[in-house]
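Reader: Before I rely on the descriptive terms used for this model, I would like to hear what stands behind each of them. Please show me the structure, and then let us take the terms one at a time.

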Amino acid sequence: TTHINGLQKIEPLLSVFPNPTQNGFLNVTYKTQRTEKISFEILNYLGEVVFSLDNQISNSDGLYSNILDINGLSKGNYILKVETISNNMMYKFLVSN
């Protein structure tokens, strides 16, 4: 959270790019309030888990950044599911190899 001229600006917790992705890699940045474990799952349109990455740990500032190798995914729509102890988020993205 940033304060500008008395106004409170909420910074995004999750940044995912590029969308659509074409090079087989997905850049993910996630911000938490403190150091905590983060798990990622990618779900296909049927709700099946096609990629997972568990027990990633954010740094002391609560920031986590990674480039996910999604070369094995076919063209189509997917959901990136991010889970921590304090928050769960989902983000829709497109693979357009």
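Reader: What makes one face of strand 3 the covered one, and which residues lie on each face?

Author: This is a predicted model, and in it Leu 14 and Val 16 form the covered face of strand 3, whereas Ser 15 and Phe 17 form the uncovered one. In a regular strand the side chains alternate between the two faces of the sheet.

Reader: How do you know that strand 3 and strand 4 pair, and in which sense do they do so?

Author: Two strands count as paired if DSSP finds at least two bridges between them; strand 3 and strand 4 have four bridges, in the antiparallel sense, and therefore they are called a pair. Among the residues concerned, Ser 15 has Thr 29 of strand 4 as its bridge partner, and Leu 14 stands opposite Tyr 30 in strand 4.

Reader: Why are strand 3 and strand 7 called edge strands?

Author: The sheet is open and consists of three strands in the order 3-4-7, with antiparallel pairing. Strand 3 and strand 7, the latter covering residues 63-69, each pair on one side only. Neighbouring strands of this sheet are turned by 15° against each other on average, with direction ignored.

Reader: What makes a peptide bond stand out in the loop between strand 3 and strand 4, where Pro 18 is placed?

Author: Most residues other than glycine have a negative phi, and most peptide bonds are trans. The bond that joins Phe 17 and Pro 18 is cis, with omega about -10°, and the bond that joins Asn 19 and Pro 20 is cis as well, with omega about 10°. Pro 20, too, is placed in the loop between strand 3 and strand 4.

Reader: What is notable about the phi of Asn 55, and where does this residue lie?

Author: Asn 55 has a positive phi of about 55° although it is not a glycine, and it lies in strand 6, which spans residues 49-57.

Reader: How many residues does the largest nonpolar core have, and which have the most contacts inside it?

Author: The largest nonpolar core has 17 residues, and those with the most contacts inside it are Ile 70, Leu 80 and Phe 93. At least two residues of this core come from each of strand 3, strand 4, strand 5, strand 7, strand 8 and strand 9. Leaving aside residues up to four places away in sequence, Ile 70 touches Thr 21, Gly 24, Phe 25, Leu 26, Ile 42, Phe 93 and Val 95. In soluble globular proteins, nonpolar side chains tend to be buried together.

How values were computed: Residues are numbered from 1 along each chain as its sequence is written. This is a predicted model: local features need pLDDT of at least 70, side-chain atom pairs count only at pLDDT 80 or more; totals for chains, interfaces and linings use all residues. Side-chain values use heavy atoms; hydrogens and water are left out. Axes are lines fitted to C-alpha atoms, for helices over the stretch in contact, and angles run from 0 to 180 degrees between N-to-C directions. Buried means under 20% relative accessible area, exposed over 50%, partly exposed in between (1.4 Å probe, protein chains only). A nonpolar core is a set of buried Ala, Val, Leu, Ile, Met, Phe, Trp, Tyr and Cys residues joined through side-chain atoms within 4.5 Å. Contact means heavy atoms within 4.5 Å.
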